[in-house]
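Trainee: Please pick one part of this model and look at it closely. I would like to see how its pieces fit together.

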Amino acid sequence: MTERKDTIFAEPQDIKKFEFDQKVVEVFPDMIKRSVPGYTTIIQGIAEIAQRFVQPNSTIYDLGCSLGAASLAIRQTVDRSDCKIIAIDNSPAMIERCQMIQSSYNFAMPIEVMEADINELEMSSASMVILNFTLQFLPRGHRQELVDRIYDALLPGGCLVLSEKITLQHKALDEHIIDLHHDFKKQNGYSDMEIAQKRAALENVLLPDTREKHYKRFANAGFSEYDSWFQQYNFASFIAVK
Ligand code: GEK
């Protein structure tokens, strides 16, 4: 399938709060690859991490799955029918498209695609939980509770992979790194206006935390081993093992 180009913010417009609606679904694969440094590498890495961490007869949760890129990469890589993936998103438009994509592949590992709020999801027997650029969209006050519930749902030796846009602790350096991200978007064909309008739409919707804050949450939840396994500019992916 050819990917439709993201032109959502190409024309001047009244900026509304960013939503994962049908318009976004139509261009999502192009949007995320041109906006998130390392996205394709992270998806591949998640599949490789899954090869090491998925345990027999366990469940893998893909929380805020969008079109299910991480789930698909795992199903392609981990050839097991005794495990299953549960992929969840609260955007009806995303879930409808995700279901269509996932059902067009026939891999050994089954997948359940569900429209649900990850704040209300019951999880258990998990060998791997993925939050690939999702936690940053939750109100800050809900984040610790979710990480706590993930820890409780994980089997011993299971892991959480958390990818996030992050804020750097040192303000001047943070500004340089944000500029480098904007340069990355420009190199990928976004105009200054598109970058500025998208940034305004995401204001108060995508709320990044520092690496230190994420580490504190892991420790509070009970994880004793955690680190980053990927970073480009202000986009990082962490792994925490129970
Ligand atoms: C990927 N992981 O391609 N419950 C369920 N879903 C939610 C919630 C919530 N409370 N809040 C936000 N979402 C994907 C990319 S995108 C990241 C994840 C981005 C969903 C939201 O609907 C959207 O689909 C996803 O989280 C974030 O590997 O677009 O920057």
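Mentor: Start with Tyr39. Setting aside residues up to four places away in sequence, Tyr39 touches Ile32, Lys33, Ala69, Asn132 and Phe133. Contact here means heavy atoms within 4.5 Å. This is a predicted model, in which local features need pLDDT of at least 70, side-chain atom pairs count only at pLDDT 80 or more, and totals for chains, interfaces and linings use all residues. Residues are numbered from 1 along each chain as its sequence is written, and side-chain values use heavy atoms, with hydrogens and water left out.

Tyr39 sits in helix α2. Helices (H or I, at least four residues) and strands (E, at least two) are DSSP runs, numbered from the N terminus. Tyr39 counts as buried because its relative accessibility is 11%. Buried means under 20% relative accessible area, exposed over 50%, and partly exposed in between, with a 1.4 Å probe and protein chains only.

Now the record. An unreviewed UniProt entry places "binding site" at Tyr39, Gly64, Cys65, Ser66, Asp89, Asn90, Asp117, Ile118, Asn132 and Arg199. Such annotations may be inferred rather than shown by experiment. These positions span 161 residues in sequence, and the farthest two C-alpha atoms are 24.7 Å apart, so they do not all gather at one spot.

Take Ile118 from that set. Ile118 lies in the loop between β3 and β4. Ile118 is buried, at a relative accessible area of 5%. Beyond its neighbours within four places in sequence, Ile118 contacts Leu63, Gly64, Ile88, Leu131, Thr134, Leu138, Leu146 and Arg149. Gly64 is in the UniProt set too.

Asp89 is another of the listed positions. Asp89 stands opposite Glu115 in β3. Strand β2 (residues 84-89) pairs with strand β3 (residues 111-115) in the parallel sense, over 5 bridges. Two strands pair if DSSP finds at least two bridges between them. Add helix α4 (residues 92-103), and β2, α4 and β3 make a right-handed β-α-β unit. Right-handed means that, with the strands pointing away from the viewer, the path from the first strand over the helix to the second runs clockwise.

Next, helix α3 (residues 69-77). Its buried residues are Ala70, Ser71, Leu72, Ala73, Ile74 and Arg75. They pack against α2 (39-53), β1 (59-63), β2, α4, β3 and β4 (126-132).

Last, the wider frame. The unreviewed UniProt entry places "domain: Methyltransferase" at residues 60-158. Over residues 60-158 the chain is 35% helix and 27% strand, and the end C-alpha atoms are 10 Å apart.
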